[in-house]
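Biologist: I have this model open at the bench and would like a close look at one part of it. Could you choose a good place to start and lead me through what surrounds it?

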Amino acid sequence: MLSLERVRHRIAEVETREAALRPVRQLPEGPGWVLSFLRKGGRPVADSVHIGDCSLAAPHRKPLSRDEARHALTDGQIRACETCRPDSELGILD
């Protein structure tokens, strides 16, 4: 019969092994996060937050600090890029 202690030990081993196999994304050189702007009516409008090297960020962009990126995503008005997922990198849960 399995003991609870042995089951917990085995779960910890599996979790450790799986964590070691997950790829670790290195943040790019330069800004870690950027705010991407779109043009609406000839004016720049903040659209989305991206990880700094995301190719989907609009050409018009502003570098953000970690705290600025977190604030932009949690204030409810700016979305996270659905491809590079800066919200996941910043630990923000939906």
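**A close look at the sheet and its helix**

Modeller: Happily! Let's start with one pair of residues: the bridge partner of L38 in β2 is V45. Please keep in mind as we go that this is a predicted model. That bridge belongs to the pairing of β1, residues 33–40, with β2, residues 43–51, which is antiparallel and extends over 8 bridges. Follow the pair towards the turn and you find K40 opposite R43 of β2. The hairpin has 2 residues between its strands, and in it G41 has a positive phi near 65°.

Just past the turn, look at P44, which is part of strand β2. Its relative accessible area is 42%, so P44 counts as partly exposed. Leaving out residues up to four places away in sequence, P44 touches F37, L38, R39 and H60. You can also check the distance from P44 to R61: the two are 17 residues apart along the chain, and their C-alpha atoms are separated by 9.6 Å.

Further along β2 comes S48. This serine has a relative accessibility of 1%, and because buried means under 20%, S48 counts as buried. Two polar contacts involve its side chain: one of 3.0 Å to the side chain of D47, and one of 2.8 Å to the side chain of H50. With neighbours within four places in sequence set aside, S48 is in contact with V34, L35, S36, I78 and R79. One of those residues, L35, also leads us to the next strand, as K62 is its bridge partner in β3. Here β1 and β3 run antiparallel and are joined by 4 bridges.

Now step back to the sheet as a whole. It is open and made of 4 strands, in the order β3-β1-β2-β4, with mixed pairing. At the edges stand β3 (61–64) and β4 (79–80); each has a single partner strand, so one side of each is left without a neighbour in the sheet.

Between β2 and β3 the chain passes through a loop, and S55 is found there. S55 has a relative accessibility of 70%, so this serine counts as exposed, in contrast to S48, which is buried. S55 and T83 are 28 residues apart in sequence, with a C-alpha to C-alpha distance of 9.6 Å.

The next thing to find is helix α2, residues 66–74, which lies across β1, β2, β3 and β4 and runs at about 115° to β3. Which residues of α2 are buried? They are A69, A72 and L73. Viewed down the axis of α2, these buried residues fall within an arc of 95°, so they line one face of the helix. There is a simple geometric background: an α-helix has 3.6 residues a turn, so residues three or four places apart point the same way. The buried residues of α2 pack against all four strands of the sheet order, β1, β2, β3 and β4, and against α3 (86–89) as well. Turn to the other side of α2 and you meet D67 and H71, both exposed. After the helix comes G76, another glycine with a positive phi, in this case near 85°.

To place this part within the whole, the protein chain has 3 helices and 4 strands. Read from the N terminus, its elements run α-β-β-β-α-β-α. Of the 94 residues, 30% count as buried. Among the contacts with a separation of 6 or more, 46% are between residues 24 or more positions apart.

A last word on confidence, as you will be looking at individual side chains. The chain averages a pLDDT of 86, and 88% of the residues score at least 70. Confidence is highest in β4, at 94, and lowest in helix α1 (residues 4–21), at a mean of 87. As a general caution, where pLDDT is low, the predicted coordinates should not be read in detail.

Definitions and conventions
Residues are numbered from 1 along each chain as its sequence is written. This is a predicted model: local features need pLDDT of at least 70, side-chain atom pairs count only at pLDDT 80 or more; totals for chains, interfaces and linings use all residues. Side-chain values use heavy atoms; hydrogens and water are left out. Two strands pair if DSSP finds at least two bridges between them. Contact means heavy atoms within 4.5 Å. Axes are lines fitted to C-alpha atoms, for helices over the stretch in contact, and angles run from 0 to 180 degrees between N-to-C directions. Buried means under 20% relative accessible area, exposed over 50%, partly exposed in between (1.4 Å probe, protein chains only). The arc is that of the directions from the helix axis to the C-beta atoms. pLDDT is the predictor's confidence in each residue, from 0 to 100. A polar contact is a pair of N or O atoms within 3.5 Å; within protein, one must be able to donate a hydrogen and the other to accept it, and residues adjacent in sequence count only if both atoms are side-chain atoms.
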